[in-house]
Every structure is written in structure tokens, then in C-alpha cells.
Amino acid sequence: MRNLMDMSLEELEQMLSEMGQQKFRAKQIYKWVNSGIKSIDDMTNLSKQLRQELSQVVKLSRIKQINKLQSRIDSTAKYLFELEDGNVIESVLMEYKHGFTACISSQAGCRMGCTFCASTGATFSRNLTAGEMLDQIMSMQEDSGKRIGHIVLMGIGEPLDNYDNVIKFLRLVNHPDGLKIGLRNISLSTCGIVPGILQLAKENIPITLSVSLHSARDDKRSAMMPVNKAYSIDKLISACKIYTESTKRRITFEYAMIAGENDSEQDARELAGLLKGMLCHVNLIPVNTVQGNGYKKSSRSQIEKFKNIVEARGIETTVRRELGSDINAACGQLRKNRLDSNGN
């Protein structure tokens, strides 16, 4: 049975037409679903008979909050949600000067195997549906009472490994009768799946593309990111150039700063050389401490030195502000702890 959370307005219109109902009912139902109701019976401007008929062909299934960690340092909150089938995912709510940003998951687990990521140690179960991605935002808004205006697809999972559902989610969350979150306020982070980047360039969806780079050298990047063995840096950069030329949108290159691994002055010069002339900017990220991988974040002085070298070569560079450090706000760790405690 289909979940109303996953359905577009057009799909609802088609379904209601097949049920012999008037088309305008679809918009009523769509608005109800996006208002955060928990049951079809909550749609009070629909007749009881129509609600009963709907219950025969569709369901309204919402994700369930099972844990929440609230930072004492800042307003960051980390959520653990349970899906209808028992899978668990994480989401994070962060406050910036421009308002509240939701970091959401696109998969239950991840297949990419990046060595620095907490998601790597937790089992991949399945892709999330568009509605399950949407529900993370709705559930955090309901719990916090805050209006979420920005989204980053940087939680558990690789968005371009769940391409169709992610594209549908982007259209749902931007819909004028839905949450109405502007596409320019949404960032999608990928480890570098080249076919997905090329396909995304054709979608005419003005989101911000963030690419996890982490090294300008194939040997170093392949050691950290197995995806590089399939799509080398040359192939990745070529796809990124096609993306910027097609969309006229600047790409953000994410670069985890790992002490002694990729943070030397030579690494900075190689990065600047690789990205020279591109429509991009670099976001330096002090790596998160994840049990078992042995990585340590670069010192502040080393990060600043690295930043200055890249900037001196004409590439805008920022250092990501660390939020929720006392609750391990980087996605993956809360889910992994839950799976470990359940013996998975």
C-alpha cells in the first residue's frame, strides 16, 4: 500500500481520478499531508466516506522519534528516527545566522565505505523514500517548533546512490503547496558518483552541489574513498566542470582536514592547482573523531596555513564551524551505537 508521504500532487490527482473523485480533492489531501497530520482521519474537510475509501488504497505512515541529543554548547539537536520497517536513521537540526538548517539522511546506512565516516561502520539496509526524507524535516519542525529554511543532504547515505527518490524529494519539499523550501537553500553532498553528477546537471534544479574531495591525489583519495577507484579525480573534475557550465552554479568542494594525512602545504598547493579556474569554493572540515579509524583533526594553525595557501591562489576557502561537538553531531554515530546495542 502506497504511503501518502511519498506521493506528489500529480500522483494524488491521478489516483483520485481513478477513484471517481474530483481533482481539487488532491490538493486538499496534499496540503493535509504536508501540514504534519498523523492519520487520514485528521483530514477533517473530507467526507467520512472519502476518508474510508482512501484508507482502502493508501496509508499515512510517519517516522518515529526514538532518541534526541541536545547540545549544551549551541542549539544543535541530533535525532534518531525509526522507520516503519524498524530501520533507524539520523538527522541533525542546526542554527545559523540565516536560520535553521536540517541535515537529513538519504539511505539507511551507506555503501560507499569512506574511511573517515561514521556511517561506514553501520550496515547498509536500503534507500529511503522521498516521503521518509521529507518526514525528517517535518518531524524536526514539529519537535522543535522552528521553521526550517535550509536543507543539507549530508546525513547517512550517498544521495546520488538513491537518485530517483532524492530528485522526487527535492520536488516535493520545494512544492508551493508543501513545505516551500527554496531549491537554492538546499545542498546535496556526494562522494563523487560521476554519472549522477552528469545526470543532475540536466535536471534544472538549482541546488548547491557539494563534492567530497579530501585530496587532489588519486592514491590518497582512493585510500580514503573507495569510490575513487571507479571514478578517478580527473573524471570527477571533468564532470564537475560540465555541471558548472550547464547550471552556472558554483560547486563546493568539501575537504576533511586530517592530521598528517592530507593537510600539508604540498597538499594545499596540489588542491589549488587542481581547482584553478573552476567556479567553486573549498570548505575545510576539521575531521570528526570516529572510533576505530585513527584519524585526528588537523590543528587550528595547520588548517589556517592550508586555507591561506589555497586562498592565495585565487580560490575562495572557508573553514566549517563545528556545531554540536558534545553530541557527536556528525551523522552516523548515533545509529551505529543503536545497531551495536541491538547486536546488529
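The following questions and answers go through the overall form of this predicted model and then two of its helices.

Reader: How many helices and strands does the secondary structure of the protein come to?
Author: The secondary structure of this predicted model contains elements of two kinds, helices and strands. Counted over the protein, they come to 12 helices and 14 strands.

Reader: What radius of gyration does the protein have, and what would a compact globule have?
Author: The C-alpha atoms fill a box of roughly 70 × 45 × 35 Å along the principal axes. For 344 residues, a compact globule would have a radius of gyration near 20 Å, and the value for the protein agrees with this, being 21 Å.

Reader: What percentage of the residues in the protein is buried?
Author: A residue counts as buried when its relative accessible area is under 20%. The protein exposes about 15,400 Å², of which carbon and sulfur atoms supply 45%. Of its 344 residues, the share that is buried comes to 54%.

Reader: Among contacts between residues at least 6 apart in sequence, what percentage joins residues at least 24 apart?
Author: A contact here means heavy atoms within 4.5 Å. Among the contacts in the protein between residues at least 6 apart in sequence, those that join residues at least 24 apart make up 68%.

Reader: How far apart are the mean positions of the positive and negative charges of the protein?
Author: The protein has 46 positive and 39 negative charges, and a mean position can be taken for each of these sets. The distance between the two mean positions is 3 Å.

Reader: Within what arc do the buried residues of α10 fall, seen down the axis?
Author: Helix α10 spans residues 265–275, and its buried residues are D267, A268, L271, A272, L274 and L275. Seen down the axis of α10, these residues line one face of the helix, because they fall within an arc of 160°.

Reader: Which elements do the buried residues of α10 pack against?
Author: After α10 comes G277, whose phi is positive, near 85°. The buried residues of the helix itself pack against both helices and strands, namely α7 (218–224), α9 (233–247), β12 (251–257), β13 (280–286) and α11 (300–312).

Reader: Which exposed residues does α1 carry on the face turned away from its buried side?
Author: In α1, residues 9–18, the buried residues are L9, L12, M15 and L16. They cover an arc of only 120° around the axis, so they lie on the same side of α1. What covers them includes α2 (24–35), α3 (48–57) and β2 (58–59). The face turned away from this buried side carries the exposed residues E10, Q14, S17 and E18.

Notes
Residues are numbered from 1 along each chain as its sequence is written. This is a predicted model: local features need pLDDT of at least 70, side-chain atom pairs count only at pLDDT 80 or more; totals for chains, interfaces and linings use all residues. Side-chain values use heavy atoms; hydrogens and water are left out. Helices (H or I, at least four residues) and strands (E, at least two) are DSSP runs, numbered from the N terminus. The radius of gyration is taken over C-alpha atoms; the globule rule is 2.2 Å times the number of residues to the power 0.38. Buried means under 20% relative accessible area, exposed over 50%, partly exposed in between (1.4 Å probe, protein chains only). Accessible areas come from the Shrake-Rupley method with a 1.4 Å probe; for residues, only the protein chains shown count as cover. Lys and Arg count as positive and Asp and Glu as negative; His and the chain ends are not counted. The place of a charge is taken as NZ of Lys, CZ of Arg, CG of Asp or CD of Glu. The arc is that of the directions from the helix axis to the C-beta atoms.
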